[in-house]
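Colleague: Could you take me through one part of this model in some detail? I would like a close look at a single chain, from its fold to its contacts.

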Amino acid sequence: MERSMTRRAFLKKSMAATGLTIAVSVTPFGFKLLNASGKGQIEGFEPSAWFEITPDNRISITIGPSEMGQGTHTSLAMVIADELEADWSLVKVHQGEARKAFINPILHSQLAVASASVRGFYAPLRKVGAAGRAVLVKAAAATWKVPEKDCEAINGLVRLKKGNQSLTYGELCLKAAKLPLPKDPRLKKESEFRYMGKFIPRLDIPPKVSGKAVYGIDFKVPDMLFAVLDRPPAYGAKPISFDQKAAEAVKGVKKVFPIPQGVVVCAESLDAAWKGRDALHVKWDKGALPEMDNAYIEKSLMADLDKPGSIAENKGDAKKALLGAAKKVNATYFVPFVAHANMEPMNCTAHVRKDGCDIWAPTQGQTVPQMIASKITGLPIEKIAVHTTYMGTGLGRRAAPDFIIEALIIGKVLGKPVKVIWTREEDMKHDLYRAAMSHRIEAGLDDRGRLTAWSHKAVAGSIMKDINPKGIKNGVDIMSLWGLLDFPNSIENRISYDIPNFLVHFLISDLPIPVAPWRSVQNGPNAFVIESFMDELAHAAGKDPLDFRLEALKTNKRATRVLEAVAGIADWGKSLPKGQGRGIAQHACFGSYLAQVADVTVNEKDGTFKVDRVFAAVDCGPAVNPFNIKTQIEGAIVMALSTVLREEVMFSNGGVKSANFDDYNPIRITEIPDIEVHIVKNNDKIGGIGEPGVPPLAPAVGNAIFNATGARLRRIPMTPERVLEALKA
Amino acid sequence: MISLSVNGKDYQVNAPGDTPLLWVLREELGLTGTKYGCGIGECGSCTVHVNGKAERSCSVSLSDVKGKKITTIEGLPEDHPVKKAWTQEQVVQCGYCQPGVMMQLASLLDEGPNPEAEKIIDAMDDVICRCGTYARMKRGIKTAIQTMRKEGK
């Protein structure tokens with residue numbers, strides 16, 4: 001990725017008529033293509049993405065969504081370059097600035113979340129590439145005075161079919177720039193794809209391997225100050241006193257002041273800022289809930305299960321069906337708070353001036369920070385520039401604007417560029433966690449062991465109260481229920497099974513712990529519960545867990561196909577040595593279908609286990625970048641396994657006790673299983689790929705432990721103590 | 001003023017002796033390839049070579065490295081078997097931890113002749129990658145070893 005090009009630089013460049021610039025705009029009515037060559041800003045036209053071909057035969061592609069390791073920049077460039085029939089070696093990708101035009105058509109915001117970047121931009125970017133190919137061919141035909149059908153675009157050239165004449169895109173671009181674009185350019189057939197579906201090395205690897213890639217924390221502006229905060233140790237805690245004079249006396253400290261987020265120390269260097277903070281000696285009050293610790297949290301969430309809650313879905317008559325069921329099964333599950341623990345701690349550089357504002361941040365979102373900055377600074381939106389850097393993972397955490405807001409507040413006070421850096425401890429203690437959840441389910445089977453009724457109650461803190469409060473209807477936070485239910489206009493995060501009598505209750509927990517999306521959002525916790533419980537039901541029905549699921553999926557073809565595929569590659573049904581077990585699980589989210597089989601070896605003496613192998617089958621529709629699909633799923637499996645093994649945020653005295661990687665210890669290289677990912681070919685609707693690998697893993701492992709030992713784990717992390725306890729149960 | 005040698009270049013640094021080397025590299029010398037991850041030596045993102053041995057730069061101070069030879073990711077040659085393997089095997093996702101991971105691996109591979117992949121992998125269990133690229137790292141480790149053998153290093 002090149003340093004992002006500003007709007008002005010882009011327009012200036014295209015004003016200079018340097019080549020062919022084609023842009024696409026996604027409107028509610030479809031895609032609008034535009035030949036923007038040499039035209040500068042066109043009234044009312046906001047391109048969502050564009051590429052530019054210059055006479056020096058270079059192709060630069062500008063893309064809106066952030067690159068946080070998920071491979072989007074490469075995958076989206078592959079889509080354009082393929083339809084354009086460009087020479088990949090000449091392609092450069094730029095991160096786009098914050099622009100209305102980069103708004104993702106699925107999300108209605110410029111935001112890299114919900115595994116939505118490729119699935120949101122796949123269709124428009126194919127069009128923009130195809131339009132480019134069409135005018136380049138037309139320009140060549142005009143040059144040679146031959147019909148267009150005698151010319152073909154091949155790998156960055158237009159060639160005369162008979163004879164050996166050819167022109168490069170660079171040579172053709174000025175001529176092509178003067179041509180009107182076809183309204184509906186012909187898209188390639190799959191057999192014509194040059195890049196999509198093939199192995200293409202990631203564009204961001206060379207700068208990342210050399211050490212030259214610039215992340216948010218690396219960014220520098222001349223005359224920049226550094227700011228650090230002393231933050232409240234407990235939720236709701238307020239400073240009683242702090243030693244402002246002592247902090248100001250530290251060499252290099254420029255300014256000390258309180259803001260709602262904490263006490264700020266600004267200094268000429270990071271070292272001075274930290275030393276100033278040490279000198280503050282802030283005394284904090286006890287906060288909102290000083291008695292809160294992990295036991296309190298678990299008790300509170302479990303007690304909430306006995307409260308009425310709101311009905312989130314009521315299909316058929318679950319109560320009646322349960323009364324009439326031949327067999328009833330019930331269980332209670334719990335999932336704790338887990339941290340994002342992004343490798344790069346939160347940070348943001350901001351420069352608030354009277355005439356404008358610049359934000360340089362490792363951010364998953366651009367639209368929201370731009371709007372917030374406009375409010376904080378009082379400047380119009382177009383005076384707010386959001387420059388997105390590389391980021392040391394995003395995982396959903398960087399979709400929240402909290403770390404940008406405080407930099408803007410501080411920047412406004414200083415009137416100078418300022419970089420706010422969080423320490424690992426601040427990042428761990430002031431994360432917006434994956435919501436802890438308690439669940440109680442009762443389900444009924446008929447006399448042939450078929451699933452007929454499902455009554456479910458779930459409790460969690462609200463994710464939407466900060467990001468979409470109006471979306472909370474009747475006390476139901478649908479994002480907390482993703483995996484079970486989805487918004488009324490979507491089924492992509494809905495339970496895959498067709499259950500005739502289906503009742504879901506939800507209650508928002510009032511614990512003061514902030515929560516946010518965490519890779520796959522609550523699909524992760526909810527799939528753990530649903531797919532572990534499906535295993536309990538299969539056992540109660542006396543059926544094979546695979547057969548029981550296939551039966552309950554009924555007409556869900558895509559979920560059926562991935563389950564059958566994973567059973568095939570894993571050789572489901574083969575016998576295993578004593579002490580070993582295997583479990584299966586499936587889950588669909590963000591438009592993609594995943595099934596996994598996990599093989600485990602359990603030591604029944606000490607309760608430890610090792611996940612030996614994980615097989616995964618995925619159907620994400622058109623597989624734009626198969627290597628990236630595989631590595632994203634590998635990564636998701638590893639991260640999910642980390643939450644199965646030991647991740648759990650610890651709380652005490654009304655705040656967070658976990659502080660660093662010594663007491664919050666993610667999975668290591670020696671703990672990972674062999675992973676085999678199989679892509680189920682399908683040209684159905686395109687799905688996302690960054691997150692859907694997470695949800696099936698925890699239940700597949702829990703089901704494997706059950707298969708090996710008969711012990712049912714209804715809580716993660718599955719620590720040796722919990723495994724021993726389950727063995728005794 | 002404390003003198004140190006980084007990537008073959010001599011520097012005079014005007015910073016307190018107790019400043020962690022990590023922040024000297026990043027803030028004083030502008031070598032931001034070395035990353036801050038935890039500050040307590042737990043994650044490995046800040047790993048550099050001090051006189052050829054892997055050290056967590058967050059946990060050694062400027063005065064500890066006075067007069068010593070330091071190599072950072074920027075100083076590891078672009079054709080080093082580890083960098084080549086990381087590119088060939090496409091190990092990297094977000095990339096933040098990888099400079100430290102590569103530096104630790106480069107040092108381990110230097111420790112003796114004929115490194116064994118399994119032993120090296122075991123010795124890499126003190127680095128953290130939140131993207132979960134470990135499966136690709138394992139391939140990268142094997143490829144780096146093969147390249148070293150081929151190149152007779």
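Modeller: Happy to: what follows is a walk through chain B, with a short look at chain A at the end. Please keep in mind that this is a predicted model.

Let's start with the fold. Chain B contains five helices and five strands. Read from the N terminus, their order is β-β-α-β-β-β-α-α-α-α. The radius of gyration of chain B is 15 Å, close to the 15 Å that the globule rule gives for 153 residues, so chain B is as compact as a globular protein of that length. Along the principal axes, the C-alpha atoms of chain B fill a box of roughly 45 × 35 × 20 Å. As for burial, 56% of the 153 residues of chain B count as buried. If you look at contacts in chain B with a separation of 6 or more, 63% of them join residues 24 or more positions apart.

Now to the domains. Chain B is assigned domain 1 (2–75) and domain 2 (81–151), and the centres of these two domains, taken over C-alpha atoms, are 21 Å apart. Where they meet, 15 residues of domain 1 of chain B are in contact with 13 residues of domain 2 of chain B. On the domain 1 side of that contact, β3 (47–50) and β4 (53–56) of chain B each supply at least two residues, and β3(B) gives the most, with three residues. By class, this domain 1 side has five nonpolar, eight polar and two charged residues.

Next comes the contact with the partner chain. It takes 42 residues from chain B and 43 residues from chain A. On the side of chain B that touches chain A, α1 (21–28), α2 (81–88), α3 (98–109), α4 (117–123) and α5 (134–151) each supply at least two residues. Of these, α5(B) gives the most, with five residues. The residues of this side of chain B divide into 19 nonpolar, 13 polar and 10 charged.

For context, here is the partner itself. Chain A is divided into domain 1 (7–198), domain 2 (216–286 + 346–421) and domain 3 (305–338 + 433–728). Within chain A, 14 residues of domain 1 are in contact with 18 residues of domain 2. The domain 1 side of that contact in chain A has seven nonpolar, five polar and two charged residues.

Methods: Residues numbered from 1 in each chain as written. Chains lettered and ligands numbered in written order. Predicted model: local features only at pLDDT ≥ 70, side-chain atom pairs only at ≥ 80, totals over all residues. Contact = placed C-beta atoms within 7 Å. Helix = DSSP H or I, 4+ residues; strand = E, 2+ residues; numbered from the N terminus. Nonpolar A, V, L, I, M, F, W, Y, C, P; charged D, E, K, R; others polar. Rg over C-alpha atoms; globule rule 2.2 N^0.38 Å. Buried ≥ 20, exposed ≤ 12 C-beta atoms within 10 Å, placed from the backbone. Domains from an automatic or database assignment.
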